[in-house]
Amino acid sequence: MTHKIEQLNFLIVDDYGDMRGVLRNMLQSFGVANIDSVANGREAIAHIEAKRYDVILCDYNLGDGRDGQQILEEIRARKLIGVSSIFVMITAENTRLMVMGAVEYEPDSYLTKPFTKDLLAQRLERLLNRKADLLEIENAIDHKEYELANVMLDKRIAENPRNVNEFIKLKAELCIKAGAYDQAEAIYSDVLVQRDIAWARLGIGKAYYGNRRFDDAKRVFEGLLEGNERFMAAYDWLAKTQLALDEPQKAQKVLETATAHSAKAIVRQRALGELALSNHDEKVAEHAFSQAIHLGRHSIYKHPSIYANLAKAKATTTNGEAGLRVLRDLKKAFKGDKEADLYSSMTEAVLQEDMGNGERARTCMINAHELYKELGTRAAPELALDMARSCSKMGETERAHELLQQAVKNNHSDETFLKQVGSTLADLGLSDDPNALIADIKKGIVRLNNRGVELAKVGKLDEAMLLFEEAVEGMPGNKVVNLNAARIFMLQMKKSGIDPKRLDQVREYLTRVRQMDSENRTLHKMERMLKQLLSGS
Amino acid sequence: MKFYDVLASLIHDMKNSLSMVVHTLEQLTSDPSFHYDKPEQVTALQNEARRLNNNLIELLTLYKIENERISPTIEDVDVANFLAEIVAESSSSATANHIKLSYDCDPDLYGYFDEGLLRGVLNNLVGNGLRYTMDELRISAAQEDNYLVFRVEDNGVGYPKQMLAAQTSEDLHRDLAEGRTQLGIYFATMIAEMHKNKDQSGFIRLENNYRLPGGCFSVWLP
């Protein structure tokens, strides 16, 4: 990236025409020639889709439509800007926590209005230097080359530069991402021994959560909120922690407090709605889902399940007709989307059944099941739970049982999800001892996995391959099985040469995992292994 | 809607207006073709607009401190860069007032404090300093006896005696109620005292003739 500020492309986003003029004037006085300016989120996204910007100066408060945080979330999530681009959020208030929407997307910097052009110049200079300093590492992280990033970070930390904490912070975040919670915890405690820094406190809470030390995590997040009741990220984590502690009512209260402080975060509204719905607090759920839909009209977080859940809530607070109306909105908002059709059919089955239209309900359910099978691993695992519920309601116990068993098989290592399967099994009276049933299925899969790995270890790759091929067929949605199968297939090809048919299979296995969990660490390892295999090294 | 939200949204709007005033004046004064036979009036306008802005920030922050549980969000801050920004923020205003504004600080110094809150405090002190100094204003930061010390020094006439006496928030609160002290000092004291580390709290100190022959306002953070 070039350092010369006058050669960079700038985008100004501000709803206030005079303010756009002011910013443009400031930039021009630095010699910048490439400046575009827009008034709202829609135009901003369109510009960013069409052109690469080095620096985006975006006002947080943009009147109707998207706010600055939503723009940032969308362009980062959709990767419309690379890690080398700089995003500066311009706010009216000097407290940055206040505007924190989703936790995972933070701008590179906040600027508080009004600021002089000298300050803007000073800030841009620093941000450009910082970007150049971190670019290599951020690039590695962006490409999911975590090991490489880690090596680079260790090297920089060993050099002990004046901004060493910046690298330490990145390293700890990387540990959390990679699931190395012990290591993250150690790093954060080291920092906290010296000073009580906010990012390290939030970080150590996350590390505790990852290590399933939920009581410790809870204490950390509560402590952060005691110090500052607008620390939005702490609310989200506290609610997550309380849910893990089996305190769904308390978790709901936490999110209600959070949304009272900052109503604009779609993800949080959606999480609140889902919690409230499962707590049978349909009034709160209805409000939260309506908000999530309203806020999410132009957002990447627009999702059919929000509509489906709103329909369910409305069927209780108002009546079935009101629920069906929401489903019609759903279809309108997601024309031609199979996943949306699935949500719609599934939900309609439940509503129609409750309204006493058994025949119509059955048709919807059969339709939903067909769509579910068609979607395969692209359908969210939680859908199996909903489907099972409606099947069971209509007396299709066999089908419900089968769906839940498959759900366990596909997600045998996801404890949180298995807990949900367990309570669904119990709720529906499908099993006297759901935990034992789940444990049995788990044991079977673990045994199968271990046998395959063992076979591979002693060099019986062909046998191992057969075993995993069969396993994958039975559990196409199981990440671990898919990844192991891919690995064994690749080991075999490394020994005996590339086989196009097997190569396709490997690609298919990896694609499935990517659809379910693109952040999976083993997946990234397997993808690298595939690259090496193909480059013939 | 809470009163806070009304306040915040009004302040947002006022800040847009202020931005316009500040920036338009800045553009006028930096435009070589602009001739006005009383440039000091433009400068006075600039000074007042900035003061208004600093007061708005004080108002909002004090409201938050009184009505919500709020404590500083401690981050690790590159102090030299932080001071460079404080100076950049006020340099055009200093130039227009014919005041030499500078900072000095060890370039490797890192500090632990709430950047947003301290920015408010220092902008305020600089704003006041620009009004009371003769022709020089110096900002500095240093690590002294377990404290990070920010100093704003001027070469004006210095602080009057009774102000040098009142140094705790209680004194100041009383003086404030009796109209004897400025809101700015009270604000700085509140923010300083909110910064705590182990068993130490922050504080402020007023003195005269520290290095420059005028007033010296220091903020001590543990």
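**Exercise 1. Follow helix H18 of chain A and what comes after it.**

*Task:* Which residue with a positive phi follows H18(A), and which residues of H18(A) are buried?

*Solution:* Start at the end of the helix: H18(A) is followed by A:Gly395, whose phi is positive, near 85 degrees. Helices here are DSSP runs (H or I, at least four residues), as strands are (E, at least two), numbered from the N terminus. This is a predicted model, in which local features need pLDDT of at least 70 and side-chain atom pairs count only at pLDDT 80 or more, while totals for chains, interfaces and linings use all residues. Residues are numbered from 1 along each chain as its sequence is written, and chains are lettered from A and ligands numbered from 1 in the order in which they are written.

Next, look at the span. H18(A) covers residues 382-393 and reaches 17 Å from first to last C-alpha, close to the expected 16 Å (1.5 Å times one less than the number of residues).

Now check burial: a residue is buried if 20 or more other C-beta atoms lie within 10 Å of its own, exposed if 12 or fewer, and partly exposed in between, with C-beta atoms placed from the backbone. The buried residues are A:Leu383, A:Ala384, A:Leu385, A:Asp386, A:Met387, A:Ala388, A:Ser390, A:Cys391 and A:Ser392. With 9 of its 12 residues buried, H18(A) is largely enclosed by the rest of the structure. Its cover includes H16, H17 (358-375), H19 (397-410) and H20 (415-427) of chain A.

**Exercise 2. Find the buried side of helix H15 of chain A.**

*Task:* Where around the axis of H15(A) do its buried residues sit?

*Solution:* First, list them: A:Gly320, A:Gly323, A:Val326, A:Leu327 and A:Leu330 are the buried residues of H15(A). They span an arc of only 115 degrees, which puts them on the same side of the helix; the arc is that of the directions from the helix axis to the C-beta atoms. A handy reminder: an α-helix has 3.6 residues a turn, so residues three or four places apart point the same way.

Then turn the helix over. The face away from the buried side of H15(A) carries the exposed A:Glu321 and A:Lys332. Helices H14 (304-317) and H16 (338-354) of chain A are among what covers the buried residues of H15(A).

**Exercise 3. Place A:Asp59.**

*Task:* Is A:Asp59 buried or exposed, and which residues does A:Asp59 touch?

*Solution:* Begin with the record: an unreviewed UniProt entry places "modified residue: 4-aspartylphosphate" at A:Asp59. Such positions use the numbering used here, feature names are shortened, and annotations may be inferred rather than shown by experiment. A:Asp59 is found in strand E3 (residues 55-59) of chain A, and counts as buried because it has 26 C-beta neighbours inside 10 Å. Leaving out residues up to four places away in sequence, A:Asp59 touches A:Val13, A:Asp14, A:Asp15, A:Gly68 and A:Ile90 (contact: C-beta atoms, placed from the backbone, within 7 Å).

**Exercise 4. Take apart the interface between the chains.**

*Task:* Which element of chain B gives the most to the side that touches chain A?

*Solution:* Count the residues: the contact takes 36 from chain B and 33 from chain A. H1, H2, strand E1 (75-78), H3 (79-96) and H4 (115-132) of chain B each give two or more residues to this side. H1(B) gives the most, with 12 residues. Finally, look at the predictor's scores: the complex has an ipTM of 0.85 and a pTM of 0.80.

Technical notes. Two residues are in contact if their C-beta atoms, placed from the backbone, lie within 7 Å.
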